[in-house]
Amino acid sequence: MCSIHTRPRHFDEKGATAMEFQKEANRIFAQAADGTLIAEITFPACGDGVVDINRTFVDDSLRGQGVAAQLAQAAAEQVRARGLKAIASCSYAKKWFAKHPEQADLLSGQAC
């Protein structure tokens, strides 16, 4: 049995593993040293100035370490920085926004 090692692990103030993510226009992700995808959130454009946070993926080896929350936070920051609004069709993103009412201004009232 082997385990996936990405980089030396760092921990945030709550003790969760702090990941170093790669960022693209509508995607934030992390890969293992061998290039395997281990974490990802996607938010493609779905309207004028609106993106749809439609997928959050975290490899089983990282579950329970706060990685999905870090992805959601990074996506929210990127959406805000780009002056966009978001729709959360991903079930995890819906839960994350419900737990972070301070981010509610990012949510669009329109459907994609």
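These legends go with a set of close-up views of a predicted model.

**View 1. The four-stranded open sheet.** Here the strands line up in the order β3-β4-β5-β8, and the pairing is antiparallel. At the edges sit β3 (22-24) and β8 (55-58), each of which pairs on one side only. Going from one strand to the next, the twist averages 15°. Zoom in on β5 (residues 37-42) and you'll find four bridges tying that strand to β8, with the two running antiparallel.

**View 2. Threonine 42 and its surroundings.** Threonine 42 belongs to strand β5, and its bridge partner in β8 is arginine 55. Is threonine 42 buried or exposed? With a relative accessible area of 15%, threonine 42 counts as buried, because the cut-off for that label is under 20%. Its side chain also has a polar partner: the side chain of asparagine 54, at 2.5 Å. Leaving aside residues up to four places away in sequence, the residues that threonine 42 touches are Asn26, Arg27, Asp52, Ile53, Asn54 and Arg55.

**View 3. The three-stranded open sheet.** This one has the order β6-β7-β9, and its pairing is mixed. The edge strands, each pairing on one side only, are β6 (45-47) and β9 (85-88). On average, neighbouring strands in this sheet are turned by 40° against each other, direction ignored. The mix is easy to trace: β6 and β7 run antiparallel and share two bridges, while β7 and β9 pair in the parallel sense over four bridges.

**View 4. The β6-β7 hairpin.** Two residues separate β6 and β7 in this hairpin, and in the turn glycine 49 has a positive phi of about 75°. Across the hairpin, glycine 47 stands opposite valine 50 in β7. Further along, alanine 45 faces valine 51 in β7 as its opposite number.

**View 5. Strand β7, covered on both faces.** Which residues of β7 are buried on each side? Val50 and Asp52 are buried on one side, and Val51 and Ile53 are buried on the other, so both faces of the strand are covered. That arrangement follows the usual pattern: in a regular strand, side chains alternate between the two faces of the sheet. Valine 50 also has a bridge partner in β9, namely lysine 85.

**View 6. Helix α2 and its two sides.** In α2 (residues 91-99), the residues Ala93, Trp96 and Phe97 are buried. They span an arc of only 95° around the axis, so they lie on the same side of the helix. Turn to the face pointing away from that buried side and you meet the exposed residues Ser91, Lys95, Ala98 and Lys99. So what covers the buried residues of α2? The cover includes β7, α1 (67-81) and β9.

**View 7. The aromatic pair in α2.** The structure holds one aromatic pair. Its members are tryptophan 96 and phenylalanine 97, arranged edge-to-face, with 5.1 Å from centre to centre and 85° between the planes. Both tryptophan 96 and phenylalanine 97 are buried.

How values were computed. Residues numbered from 1 in each chain as written. Predicted model: local features only at pLDDT ≥ 70, side-chain atom pairs only at ≥ 80, totals over all residues. Heavy atoms only, no water. Pairing = 2+ DSSP bridges. Axes fitted to C-alpha atoms, helices over the stretch in contact; angles between N-to-C directions. Buried < 20%, exposed > 50% of the residue type's maximum accessible area, 1.4 Å probe, protein only. Polar contact = N/O pair within 3.5 Å; in protein donor to acceptor, adjacent residues only side chain to side chain. Contact = heavy atoms within 4.5 Å. Arc of directions from axis to C-beta. Phe/Tyr/Trp six-rings, centres within 6.5 Å; stacked < 30°, edge-to-face > 60°.
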